[in-house]
Amino acid sequence: MDQIREVFEEYYIPAHESLAKYCHAICGDEDDARDLINEVAMRAFESFDNLKKKESFDYFLIAIARRIYLNNQRRKKFWGSWSYVDAERLAMDEIKVEKDLEVQDLYHALSRLKLNQREAIILSQIMGNKIR
């Protein structure tokens, strides 16, 4: 078990930053992103032996994150109209948190895109590709 954990960590540690950026970008909330990262790491470790191409580990993590995020979004439809994210945004507006307006505008613009379009932009920035 320790050997598997060590091999997993060899792949996970370099990929963690990209995963964190992706999760934060699609969640738009630091706490939700942190929860998503933890769940992705746990599920990736559980199914690490099933991964045939270890070179594709970054994409493996992104696929798990996307699947978990979409499942969570589907479940939220049944929770009603209350949203912790919206409530937190309102509270942050009232407190006048020092946040760059351009970043807020970017997140707002990203949230208005379809998920596939949003993911394409996010992944291109995280992975270092240029948007044409």
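# Exercises on a six-helix model

Leaving aside neighbours within four places in sequence, Asp32 is in contact (heavy atoms within 4.5 Å) with Cys27, Lys76 and Val85. The model is predicted: local features need pLDDT of at least 70, side-chain atom pairs count only at pLDDT 80 or more, and totals for chains, interfaces and linings use all residues. Residues are numbered from 1 along each chain as its sequence is written, and side-chain values use heavy atoms, with hydrogens and water left out.

**Exercise 1. Place Asp32 in the fold.**

Step 1. Find the element. Asp32 lies in helix H2. Helices are DSSP runs of H or I with at least four residues, strands are E runs of at least two, and both are numbered from the N terminus.

Step 2. Check accessibility. Asp32 has a relative accessible area of 27%, so this residue is partly exposed. The classes are buried (under 20% relative accessible area), exposed (over 50%) and partly exposed (in between), with a 1.4 Å probe and protein chains only.

Step 3. Compare sequence and space. Asp32 and Val85 are 53 residues apart in sequence, and their C-alpha atoms are 8.9 Å apart.

**Exercise 2. Work out whether the span of H2 agrees with its residue count, and find its buried side.**

Step 1. Take the length. H2 covers residues 30-46, which is 17 residues. The expected span is 1.5 Å times one less than the number of residues. That gives 24 Å, and the end C-alpha atoms are 24 Å apart, so the two agree.

Step 2. List the buried residues. In H2 they are Ala33, Leu36, Ile37, Val40, Ala41 and Ala44. They lie on the same side of H2, because they cover an arc of only 135° around the axis. The arc is that of the directions from the helix axis to the C-beta atoms. An α-helix has 3.6 residues a turn, so residues three or four places apart point the same way.

Step 3. Look at both sides. The cover over the buried residues of H2 includes helix H1 (2-27) and helix H3 (57-76). Exposed Asp35 and Glu46 sit on the face turned away from the buried side.

Step 4. Look at the start of H2. There, a side-chain oxygen of Asp29 comes within 3.4 Å of the backbone nitrogen of Asp31.

**Exercise 3. Describe Glu119 and its helix.**

Step 1. Locate the residue. Glu119 is in helix H6, residues 115-126.

Step 2. Check burial. Glu119 counts as buried, because its relative accessibility is 8%. Buried residues of H6 also include Leu115, Arg118 and Ile122.

Step 3. Find the partners. Not counting residues up to four places away in sequence, Glu119 touches Tyr22 and Arg66.

Step 4. Check the span. The twelve residues of H6 should span 16 Å, and the end C-alpha atoms are 16 Å apart, which agrees.

Step 5. Look past the end. Gly128 follows H6 and has a positive phi, near 90°.

**Exercise 4. Which elements give two or more residues to the lining of the second largest pocket?**

Step 1. List the lining. It consists of Lys21, His24, Ala25, Leu106, Tyr107, Leu110, Ile121, Ile122, Gln125 and Ile126.

Step 2. Assign the elements. Those giving two or more residues are H1, helix H5 (101-112) and H6. H6 provides the largest share, four residues.

**Exercise 5. Summarise the whole protein.**

Step 1. Count the elements. There are six helices and zero strands.

Step 2. Gauge burial. Of the 132 residues, 27% count as buried.

Step 3. Gauge contact range. Among contacts with a separation of 6 or more, 67% join residues 24 or more positions apart.

Technical notes. Polar contact = N/O pair within 3.5 Å; in protein donor to acceptor, adjacent residues only side chain to side chain. 1 Å grid on protein atoms, 1.4 Å probe; cavity = no way out; pocket = protein on both sides within 12 Å on 5 of 7 lines; lining within 4 Å.
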